[in-house]
Amino acid sequence: MNKDNCFQLGHIAKVHGLHGEVILVLDVDYPDDYEGLGHVFVENGNRLVPYILEHMVPQPNNRFLAKFEEFDHVDKVKPMVGSALYLPVTALPELDEDQYYFHELVDFLVVDEELGELGKVKVIYDMETQDLIGMEYKDREVLIPLKDGIIQKVDKAEKKVFCRLPEGLIDIYLED
């Protein structure tokens with residue numbers, strides 16, 4: 001499986017017990033949507049390796065107690081701790097027309113209501129404190145918070161992100 005066709009679902013946080021169970025942490029808005037999952041792809045170096053799940057039991061705080069098929073001892077799963085979990089993009093739930101996934105915004109044109117067209121989205125930074133659009137503007141990376149009030153509208157058909165940038169935001173990145 002190619003990472004370009006996948007999204008990161010979460011990661012393996014730690015081993016649980018001696019019989020090969022692990023704690024998975026899902027980094028998604030609705031973890032319950034993935035409760036009946038039968039398999040995941042685990043990052044191993046630069047490759048994504050498929051693993052069949054024997055079970056995946058919900059726990060508090062976006063965590064799941066899980067066991068991979070044919071992994072029956074703690075020593076077999078220990079090396080996997082910290083590994084990222086992936087699923088194909090096709091496994092994402094369908095969204096309403098006015099909703100979007102962050103990965104969809106890459107290559108969209110950012111348009112500010114005052115400054116007009118600014119540049120294309122290069123990357124989305126999915127951080128604990130806030131999510132950011134990374135856009136190149138005048139040969140510099142500009143970070144735009146992905147939050148209501150700043151992002152006004154996303155037009156998927158036109159591939160545009162319409163925003164109302166806080167006054168002076170662009171200027172901060174242009175200073176030497």
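**Note on the pockets and the barrel**

1. The second largest pocket is lined by Asp112, Glu114, Leu115, Tyr137, Leu165, Pro166, Glu167, Gly168, Leu169, Ile170 and Asp171. The model is a predicted one, and the volume computed for this second largest pocket is about 160 Å³.

2. Among the elements around the second largest pocket, helix α2, which spans residues 169-174, gives the most to the lining, namely three residues. By class, the lining of this pocket divides into six nonpolar residues, four charged and one polar.

3. The largest pocket holds about 1,200 Å³ of space. It has 32 lining residues, and those closest to its centre are Asp29, Tyr100, Tyr101, Phe102 and His103. Three elements give two or more residues to this lining: β1 (6-16), β8 (116-126) and β11 (151-155).

4. The lining of the largest pocket comprises 17 nonpolar residues, ten charged residues and five polar residues. For anyone setting up a comparison, the corresponding classes in the second largest pocket are six nonpolar, four charged and one polar.

5. Turning to the strands, six of them form a closed barrel in the order β1-β2-β5-β4-β3-β6, and the pairing is antiparallel. From one strand to the next, the twist averages 45 degrees. Strand β1 thus appears twice in this note: it is part of the barrel, and it is also one of the elements that give two or more residues to the lining of the largest pocket.

6. Within the barrel, β3 (residues 39-44) pairs with β4 (residues 47-59) over six bridges, in the antiparallel sense. In this pair, Phe41 stands opposite Pro50 of β4. The two strands form a hairpin with two residues between them. Gly45 lies in the turn and has a positive phi of about 70 degrees.

7. What joins β3 to strand β6? Two bridges do, and the strands run antiparallel, with β6 covering residues 84-88. Here Val42 stands opposite Leu85 in β6. Strand β3 therefore sits between β4 and β6 in the barrel order, and as general background, strands of a sheet pair through backbone hydrogen bonds, either parallel or antiparallel.

Methods:
Residues are numbered from 1 along each chain as its sequence is written. This is a predicted model: local features need pLDDT of at least 70, side-chain atom pairs count only at pLDDT 80 or more; totals for chains, interfaces and linings use all residues. Side-chain values use heavy atoms; hydrogens and water are left out. Two strands pair if DSSP finds at least two bridges between them. Helices (H or I, at least four residues) and strands (E, at least two) are DSSP runs, numbered from the N terminus. Axes are lines fitted to C-alpha atoms, for helices over the stretch in contact, and angles run from 0 to 180 degrees between N-to-C directions. On a 1 Å grid over the protein atoms alone, a cavity is a set of points where a 1.4 Å probe fits but cannot get out, and a pocket is an open set with protein on both sides within 12 Å along at least five of seven lines; lining residues have an atom within 4 Å of a point. Grid points are joined across faces, edges and corners, and a volume is the space filled by probe spheres set on the points. Ala, Val, Leu, Ile, Met, Phe, Trp, Tyr, Cys and Pro count as nonpolar, Asp, Glu, Lys and Arg as charged, and the others, Gly among them, as polar.
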